[in-house]
Amino acid sequence: MASRQTSGEEALDLLMQSDTEQGTEPEAESETESSSESEHEVDSGSEFSVEASSTSSSDEEGNGGVHAPCVALPTQSSHARLRGHARNIPVHHMADESDWVPPAMAQPVVPPFTGVSGCTENTDGFKPIDFFNLFVDDRFISDMVKESNLYAEQFLRERGANLKPHSRAHLWVPTTSVEMRTFWGLTLLLGQTRMPSISLYWSTEPVFASPFFPATMSKDCFLALERMLHFNDNSAALPRTDPNCDRLFKIQPLLKHFAQRFSEVYVPSQNMFIDKPLVLFKNQLLFKQYMSSKTAQYGIKVYMLCESTTGYAYNMKVYTGKDSSINPPGCPAHLGTSERIVWDLATSLFHKGHPLYVDNFYTGIPLFKELYNVGILACGRIRSNGKGFPRQLVCKKLDMGACMALRHDEPLALKFCHRRDVHMLSTIHDESTSLVTVRGQTQQVLKPKCILDYNRYMGGVDKIDQLLELYHVERKTCTWYKKLAVDLMYLATYNAYVVYRADALENKLTFLKFELAVLTLLTVVHVSTSNFAEVEDVARLQERHFADYVPATPGRHNHTEDVRCVQNKEGGGILGCTVPNALQSQPSAYSLALLCIIQRKNIGRSSDFLKCPSFLQSDP
């Protein structure tokens, strides 16, 4: 479509207004981020949604898409004054306006993808708990037990004399690996059965009674272990006034372990994206962040490199403040803070041909060029005042549905107008468009392919949030590193589920059933069976099903007794049948008699009989 021409004065006003709306440069990372910086979908709330862009027309399949014409923009003298306007960007880091030319459907040189996606470990015969142990192995648990016992010893030595008489710290005994696994099983299980207070999990009130928790571990033992939980030796920490002090020292072993195992166990597929989720934490913390677009809003920001199709977390980095230095190996000196974060996360993907999708917090021409040199293609939404973005596109007003693009070497700068202007930067795509169906409209519309791919491959952000949010427990605590540790364990469980789904050929479990299978073995297998026998409701979860007899009453003088399944008393599986006493001493005849009685009394229907599937296989 034809574009409306603007004068130099109107272009200057438009650019200044755009700079005011867009805010600060992504390189200058602030303690407070606006919601516009955290958007993942292009033009959220309009047709630029994942659902709207996932459906293409048959014309696209047959003709390979519809190409929109690229309109060349005349270079005006006012553009020279506008270059470098946004936050005084150094001119030597930006391309000259004359270097941006119409792309003319030039195809970018895309390096081939050389990775082989899948698990790198031998998983033959693996069960769900074995996939979980790929990330939470025995050595990891042993180190946690060692540091927790060491911290408890230091704590009691320094503060033992000042403790209150009824403090749980007096009941502390050195923990073990079995007990630590049980503790983490119960901690992760809190998200499955949510209650207002932690003490209610051990309540004897009928409304809140949860017999599984008291039968597995006492409340005092659980709370004492939670109090002494530690991951590093405090005596080795540098003072806070030391310039080399590590703000993540208390949880650094967990971060290093998971970052290493996440990248070793699984090779991701081709498309990747970078997200920055927020771990909820509202207490005082030097590097606490506020992000209005996130559900948590206040918390600890974690940069994550994830697989687009599954959301598998491949690498991560915790934000520790704008004054923290980030110097990844081989990173060009002219890259900013946010660009260095991307370089640090994607180092292990160099020269493998991975396309990388990022939001406007990271997108920049210098970064995209450097990534292209190391074999990583990139695509992302960019702000109109982004570093080096051509002012010609920013100043040009477009009609509804119009698309315009310019290219400078590898990067493609694109502007698309629908309900608002959308600016994109890509080293993956050309300026071609495709016909897509939009919700609420009968006619198909043209949209650039780079926007469609961006909405598609950034959708992995929602996969993690949707699955973990349902089963995530929000515990109020003043200790930030324990809160972060719980989130890392949830993340490890989700990654284990992704590896399980990639390995399992059939009968794949849902995430809920997979997590329950893991947590059940973490808690039940490592606890003595005698502890469960004290609670009948818990015993019903693991004991064998067998028949029991109803005691005779004064009104019943016959020689037969009612038989019912002990483990299914409340499940509706009571068998109102009679068995002669002469058969009680003969197990095989006893089972046969029960089967005959079930058939004779017409209660052998599947709806009743299957309530106790192992009834006839278990002799009394």
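1. Surroundings of F135. In this predicted model, residues up to four places away in sequence being left aside, F135 is in contact with H257, F258, R261, F262 and V265. Further contacts of F135 are formed with Y312 and with A492, N495, A496 and V499.

2. Nonpolar core. F135 also belongs to the largest nonpolar core, which comprises 134 residues. Together with W184, I251, F258 and W480, F135 is among the residues touching the most other members of this core. The greatest contribution comes from helix α16 (residues 480-503), which supplies 16 residues.

3. Packing of α6 and α7. Helix α6 (residues 138-159) and helix α7 (residues 177-189) have axes that come within 9 Å and cross at roughly 100°. Since angles of 65 to 115 degrees count as roughly perpendicular, α6 is therefore roughly perpendicular to α7. On the α6 side, the contact involves D138, I141, S142, M144, V145 and S148; α7 contributes S177, M180, R181 and W184. By class, the residues of this contact comprise five nonpolar, three polar and two charged.

4. Confidence by element. The mean pLDDT of the chain is 74, and 66% of the residues score at least 70. Among the elements of the chain, helix α10 (residues 252-265) has the highest mean pLDDT, 95, whereas helix α2 (residues 50-53) has the lowest, 35.

5. Low-confidence stretches. Across residues 43-93 the pLDDT remains under 50, and the model shows 106 contacts beyond four places in sequence for this stretch. Residues 528-533 likewise have pLDDT below 50, with eleven contacts in the model beyond near neighbours in sequence.

Notes:
Residues are numbered from 1 along each chain as its sequence is written. This is a predicted model: local features need pLDDT of at least 70, side-chain atom pairs count only at pLDDT 80 or more; totals for chains, interfaces and linings use all residues. Side-chain values use heavy atoms; hydrogens and water are left out. pLDDT is the predictor's confidence in each residue, from 0 to 100. Helices (H or I, at least four residues) and strands (E, at least two) are DSSP runs, numbered from the N terminus. Contact means heavy atoms within 4.5 Å. Axes are lines fitted to C-alpha atoms, for helices over the stretch in contact, and angles run from 0 to 180 degrees between N-to-C directions. Angles under 35 degrees count as roughly parallel, over 145 as roughly antiparallel, 65 to 115 as roughly perpendicular and the rest as oblique. Ala, Val, Leu, Ile, Met, Phe, Trp, Tyr, Cys and Pro count as nonpolar, Asp, Glu, Lys and Arg as charged, and the others, Gly among them, as polar. A nonpolar core is a set of buried Ala, Val, Leu, Ile, Met, Phe, Trp, Tyr and Cys residues joined through side-chain atoms within 4.5 Å. Buried means under 20% relative accessible area, exposed over 50%, partly exposed in between (1.4 Å probe, protein chains only).
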